[in-house]
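Me: I am new to this structure. Please show it to me, and then I will ask how its labels are earned.

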Amino acid sequence: MAGSDNVVVEAEDVPIYVSSLPVPNVQEMVRENPLRVPERYLRTKEEISESEPGYVNPMLPVLDLSLLVDGNAQELDKLDLACKDWGFFQVVNHGAATEVMNMMRAAAIEFFKLPLEEKNKFAMPANDIQGYGHTNVETKDQKLDWSDTLVLAVYPERFRRPQFWPSTPPHFKKAMETYANEIRTVGDKLIGSLATVMGLNKDAMLKLHGELVQGLRLNYYPSCVKPNDVYGISPHSDATIVSILMQDSDTDGLQIRHEGHWVPIKPIPGALIINLGDVVEFWTNGKYKSIEHRSMTNAKKWRISFATFIYPPDDIEIGPLALVVDPGRPHQKYKKMKYGEYLRFSLKRELEGKEHIKVAQVEVPN
Ligand SMILES: O=C(O)CCC(=O)C(=O)O
Ligand SMILES: [Fe+2]
C-alpha cells in the first residue's frame with residue numbers, strides 16, 4: 001500500500017468479532033451532571049437485593065506462581081483446590097514487574113482523563129468491539145452498565161488493530177506493549193500449572209490451543225450517586241481459558257459469586273487476580289468451573305480495572321478432554337464446538353451470568 005498513510009494493512013486471519021449498539025459515554029454523563037442516573041442504568045430492587053453482599057469476606061486463595069512453576073506439590077494441591085472450590089484466586093510472586101504494572105496504570109488513568117473527543121479518536125467501529133466504547137449491547141431497551149471500556153487485541157501481534165491503540169498519552173502504546181508482554185508470561189506459567197493439576201503434561205494445554213490469543217480490556221467505572229442501584233459490569237463469566245485482572249488495591253468493586261453469595265474481593269497490593277474462564281470448565285467437563293463475577297461502583301471514587309483475556313484461536317475445537325473426564329462420571333456435559341463460534345455467541349448477547357454457556361451444554365440423559 002505504498003503512498004497511502006491511511007490504509008491499515010491487516011493479515012488475512014485478523015478476526016472481526018461482533019457488533020454492539022452505540023450507547024452514551026458514562027464518564028461524560030457524570031461529568032455533565034454527577035447527580036443524574038438515567039432509568040436505563042437502574043436495576044430493579046429484586047435484581048439488586050439478590051446481590052446484597054451480606055457475606056463475611058473470606059480470603060480468596062492466594063497462590064505463589066513461582067512455586068507452582070517449580071512444581072511444588074503442596075502449592076499445586078492448593079491450586080487444584082482453588083480451582084475446584086473457587087475458580088478465582090490471587091497470585092503473588094507472579095514475575096510481572098511492579099514498574100510495568102504501575103506504568104500501565106498511570107497511562108490508563110491519563111487516557112481516561114482525556115476529553116471525550118480525544119478518546120473518541122479510538123472509538124469502537126460499528127462492526128467490531130475493539131476500541132473505546134461498550135460491548136454486549138444488543139437491544140435498544142436493555143439495561144446498561146455504569147462503565148466505559150477500551151478493548152484491544154494484543155497477541156498474536158498480527159491481530160492488533162493499531163488504529164484503536166491510543167496515541168495520547170504518548171507513552172500509552174509502550175506501557176501497554178510492555179504490560180501485555182509481562183502478562184503473557186504470567187498466562188503461560190498459569191496455563192502450564194493448570195495442565196499439571198489437570199493431570200496432563202505441563203505443555204499439553206499450551207499445545208492444545210496452538211497460538212494463544214490475548215486481549216486487554218480497560219474498564220473505567222465512574223463514581224455513581226446510586227452505587228447500590230447500578231452495575232459497573234453485570235454478572236457474567238468470561239469466555240476465556242483464564243483471565244488475569246490487575247486491580248486497584250484501595251478501591252473496591254469486584255465481587256464474585258461463591259456458594260450462592262456475592263463476595264467482595266480485596267486485592268492484595270501487587271498481586272494479580274486470576275479467574276478461570278468457560279474454556280477450562282469445558283476441558284475439565286465441569287470439574288473446574290468458570291465463576292460469575294460482577295463489578296459494583298462507588299459513590300465518590302472512580303475505579304479502573306485491567307482485564308487480560310487469554311483464549312484459543314477461532315478454529316480450535318473445545319470440549320471435555322478424554323484424559324480429564326472423571327472416570328466415575330464419564331458423561332460429557334459439554335459438546336465439542338469451535339471456539340470462534342462459542343466466543344461470538346457469548347459476545348453477541350447481553351451479559352446474563354452464565355446463561356451463555358448453555359449453548360455448549362449437552363442434555364443430561366435420564
Ligand atoms: O472490573 C473488574 O474488576 C472486573 C472486570 C471484568 O470482569 C471483565 O472485564 O470481564
Ligand atoms: Fe469478567
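Me: Which residues does Ser193 touch, not counting residues up to four places away in sequence?

Reply: Ser193 touches Leu68, Val69, Leu76 and Leu79. Contact means heavy atoms within 4.5 Å. Some ground rules come with this: the model is predicted, local features need pLDDT of at least 70, side-chain atom pairs count only at pLDDT 80 or more, and totals for chains, interfaces and linings use all residues. Residues are numbered from 1 along each chain as its sequence is written, chains are lettered from A and ligands numbered from 1 in the order written, and side-chain values use heavy atoms, leaving out hydrogens and water.

Me: Why is Ser193 called buried?

Reply: Buried means under 20% relative accessible area, exposed over 50%, and partly exposed in between (1.4 Å probe, protein chains only). Ser193 has 2% relative accessibility, so the residue counts as buried. Ser193 sits in helix 7. Helices (H or I, at least four residues) and strands (E, at least two) are DSSP runs, numbered from the N terminus.

Me: What makes His236, Asp238 and His293 donors of the iron ion (ligand 2)?

Reply: Donors are N, O and S atoms within 2.8 Å of the metal (3.2 Å for Na, K and Ca); water is not among the atoms, so sites may look incomplete. His236 (NE2), Asp238 (OD) and His293 (NE2) coordinate the iron ion at 2.1 to 2.3 Å. Their distances therefore meet the cut-off. His236 lies in strand 6 (residues 233-236) and His293 in strand 11 (residues 293-295), 57 residues apart. His236 is buried at 8% relative accessible area, and His293 is buried at 5%.

Me: How do you know that Lys84 and Asp80 form a salt bridge?

Reply: A salt bridge is a side-chain nitrogen of Lys or Arg within 4 Å of a carboxyl oxygen of Asp or Glu. The closest N and O atoms of Lys84 and Asp80 are 3.0 Å apart, so the pair qualifies. By this rule the count comes to 14 salt bridges.

Me: Why are Lys84 and Asp80 about one helical turn apart?

Reply: They are four residues apart in helix 4 (residues 73-85), so about one helical turn separates them. Lys84 is partly exposed at 41%, whereas Asp80 is buried at 16%.

Me: What makes the salt bridge of Lys143 and Glu39 a tie between distant parts of the sequence?

Reply: Their side chains meet at 4.0 Å, N to O. Lys143 and Glu39 lie in two loops, so the pair ties together parts that are 104 residues apart in sequence. Glu39 is exposed at 59%; Lys143 is partly exposed at 27%.

Me: Why does Asp278 have no salt bridge?

Reply: Lys and Arg count as positive and Asp and Glu as negative; His and the chain ends are not counted. The nearest side chain of opposite charge, Lys354, is 5.2 Å away from Asp278. That is beyond the 4 Å limit, so no salt bridge is assigned. Asp278 is buried and belongs to helix 9 (residues 278-283).

Me: What makes a nonpolar core, and which members of the largest one touch the most others?

Reply: Such a core is a set of buried Ala, Val, Leu, Ile, Met, Phe, Trp, Tyr and Cys residues joined through side-chain atoms within 4.5 Å. The largest has 94 residues, and Phe89 and Met205 touch the most other members. Helix 7 (residues 172-197) gives the most to this core, with twelve residues.
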